[in-house]
Amino acid sequence: MNTKHLITMNYPASWWRSLWREALPSGNGRIGAAVYGGVHEETILLNHEDLWWGGETLQLPDVSDRLPEVRSLLNEGQAPEAEKLLPDALKEQGYRPKLDSPLPLGDFKIFMPLRQAFRSYKRTLQMETGEVSVGWTDGDTRYERRLFVSRTEDAVVVEIRKWGPQSIDARLRMQLHDKRDFRKPGIVFPDSEEMTCTGDMIYYAAQNTDGSDFGVVARVISQGGQTGAGQDGLTVKAADSILIIIKLFAHGDRSNEWRRLDEELKGLSSCYETLLSNHVIEHGRLFRGMEFDLAADGRELSNEELLLQAYQGETPDALMEKMWAYGRYLLISSSRADGQPCHLYGLWCGDYDAVWAFHMVNENLQMIYWQALSGNMTELLLAVFNYMERLMEDFRVNARQLYGCRGIFIPAPSVPGSGLLKHTSAHIVHWTGGAGWVSQHYYDYYLHTGDLDFLRDRALPFMREAAMFYEDFLTLGEDGYWMSSPSNSPENTPGNYWKGPGMSMGTTMNATMDFAIAKELLTHLIEGAQIAGMYTQDIPTWRNMLDHIPPYQISEDGAVREWMHPFYEDNDHHRHESHVYPVFPGTEVTRESDPALFQAFVKSIEKRLGLGLKEQSGWSLAHMANNYARMGQGDSALECLETLSRSCVMNNLITLHNDWRGMGIGVDMDWAPVQIDANMGWTSAIQEMLLFSIPGELHILPALPTRWKKGKAGPLLSRGSVECTLEWDVSEGRLDIMLRSTRGSKQTDLIFPDAAVGFKDSYLNFNSKLRHITISENPLHLYVILRS
């Protein structure tokens, strides 16, 4: 067994009154199963990507006539007064919508008697296959339950097996998820709950608040035992093994859905290994698309043991490997090309009123998918593009009704079914960068894949609509540069308005991020339009707009200012790092393109972590690690991940928004919401340490931490459609590189790490920057000598 990709725990889920948080997850991108690990009473929490509830969609009023007043107040220095205008105007017209929340579909329960007290307990997750197992010994018999969610059959598959003289007895039932899992009183739970057991089948349904049914059909196949149906579920006696196959539905009439799923189950194999092998081909194709290996010791250790080492100050390499793989695994398991995007809980939400369980495009959705392109999982990003394109008309309504603009306005939070603004806090209403930031992913997809059809048919049309909003929204100031008003630097408050944690006044003018996004969007649009031969009539307009974007401003201490307006002072007591966008996640400013400006961005990040440790979160530490990696500071990036491991990582390695134990790292809250974006951000940060690319340039090992003396990784996919596989050993003084183009021959520059001093057995003359190297679809091998 490959222990590098094995997560091991020596006790069950134990978070009091929220056991689902410490469950082990499995998923196929559409349905998720979270296994608690109880011996006598097992709970498998089930989720479906299309099952949401509690939202309210209203017609968005037209408040665009209030925009001149907002801008006038801001120009007069009355930001607090301006902040209220648009949100209050919406409320005055009765606009009080509500965002939907994921609805846990239910709990599949397995009750098994204990003859003696259990011993030799273990639960594991094998990330290569998506299998979760729970094992224990009862007397002289070893029992194991194992589960996976089939990517090919769209079903949850469970097997109970044993080794020893005792048989398997079990009672199986389906029920609503634990009704104690909520934060606020007043929850109206789904009703019309019904479970029927007939022969070897379990039929279950309940009714959502919209009147639609949801539920499951489960088929139970026992070997050597007897099956009986009753009101409390389906019982199996004296079996040698039990196979359970569960199909889910999120909407519809229960009778019709039960018949449909019953027919689907009849067509499936009744062999666990056959079902698993079909699934593993598809799951493994994605999971094994890249590897990361530090030749770490201690891979066989449990999560608990590895985290205890991390708490002593140095996160073991084995945990680094597992966390990289876990972020990859979670994205694969909660995302697929034809499904919904992964949100902050993935497919494993166990709260009826989960905090921030939506698609948040002022940071979090992007972080979840940062790893996908360089990690050779490009198809997973299609879920994001499909989601955005389904909601385009709502995004146009937002732009028109809020700001009187053409184009699209994507609100920071959204959920499936409606793209209308549903969160009317000022920092959401006044943040206009959502469509532009999402555009980065569209263009990056093209840069990594070279897919010209995608560029023409999807990327450029979306980006053009994002640019149309800026054409109407931005206004020229007296200095001849654009003004962005109102503006918000995501969720931050300027220093001269900040009164300490817990308060917010984020309505401003000219947030640096606004112009960074607009500049990137327009630059990519011009470049892409020229490549595709589209929108050529718009290129002069976009070039003119670029000419009027103000230059970045530097503060007295040498850092880039977060607001490009004298009314607003910097505030580094904050988790977001939005003003550093041109360095990461953007690529506008690099050490080579503008060394002085690059260093000013570095200064900005150093100030943020130095002054704002108490204001960080799990995801912000992951973002900080990505920033440091992009800035070539591998040891600092590693330190951010180590800090994250000691503050916001649970025992099942799922990340949280914040620490909850008074440890002094991160924001204080009365709750610690699950947020798996930090898991994905961890994976992205490691990939950023290994390779940075822009079209025509590959930076090899740009931020390798000093501790990582030996390792291998790849293939990483670059902008420019080049796969890069790396293997290094500092003690042997070698770095082996394999480069392969995925789309024809091309020329690129190679930038080597500072430790590189020459080539071994190569016709090339060594230089730290090799220019115009031809890379084709035939692999090119380079053997680099490292200074040991």
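**Aromatic pairs, sheet and cysteines**

Phe385, Tyr442, Tyr445, Phe454 and Phe462 are linked into a cluster by ring pairs. The model is a predicted one. Across the whole structure, a search finds 33 aromatic pairs. Phe189 and Tyr352 form a pair with ring centres 4.9 Å apart. Their planes meet at 85°, over the 60 degrees required, so the pair is edge-to-face. This contact links distant parts of the chain, with the two positions 163 residues apart. Phe189 sits in the loop between strand 12 (168-175) and strand 13 (191-198). Tyr352 sits in the loop between helix 6 (317-333) and strand 20 (359-360). Tyr352 is buried, at a relative accessible area of 2%.

Phe759 and Phe766 also form an edge-to-face aromatic pair. The distance is 5.2 Å centre to centre, with 75° between the planes. Phe759 is buried, with a relative accessible area of 13%. Phe766 is partly exposed, at 26%.

Arginine side chains also lie over aromatic faces. Arg21 lies over the face of Trp15, at 4.1 Å from the ring centre. Arg71 is placed over the face of Phe473, and here the distance to the ring centre is 5.0 Å.

An open sheet is formed by seven strands. Their order is 2-3-4-7-12-17-16, and the pairing is antiparallel. Strand 2 (24-27) and strand 16 (226-230) are the edge strands, and each pairs on one side only. From one strand to the next, the twist averages 20°. Strand 12 belongs to this sheet; the loop that follows strand 12 and leads to strand 13 carries Phe189. At the strand 16 edge, five bridges join strand 16 to strand 17 (residues 233-239). These two strands run antiparallel. Gly228 stands opposite Thr235 in strand 17.

The structure holds zero disulfides. For Cys342, the closest cysteine sulfur is that of Cys349. The two sulfurs are 12 Å apart, and a disulfide needs them within 2.5 Å, so the distance is too far for a bond. Cys342 counts as buried, at 1% relative accessibility. Cys648 is in no disulfide either. The nearest cysteine sulfur to Cys648 belongs to Cys640, 12 Å away. Cys648 is buried, with a relative accessible area of 1%.

Conventions: Residues are numbered from 1 along each chain as its sequence is written. This is a predicted model: local features need pLDDT of at least 70, side-chain atom pairs count only at pLDDT 80 or more; totals for chains, interfaces and linings use all residues. Side-chain values use heavy atoms; hydrogens and water are left out. Two strands pair if DSSP finds at least two bridges between them. Helices (H or I, at least four residues) and strands (E, at least two) are DSSP runs, numbered from the N terminus. Axes are lines fitted to C-alpha atoms, for helices over the stretch in contact, and angles run from 0 to 180 degrees between N-to-C directions. Rings of Phe, Tyr and Trp (its six-membered ring) pair if their centres lie within 6.5 Å; planes under 30 degrees apart count as stacked, over 60 as edge-to-face and the rest as tilted. Buried means under 20% relative accessible area, exposed over 50%, partly exposed in between (1.4 Å probe, protein chains only). A charge sits over a ring if NZ of Lys or CZ of Arg is within 6 Å of the ring centre and within 35 degrees of the ring normal.
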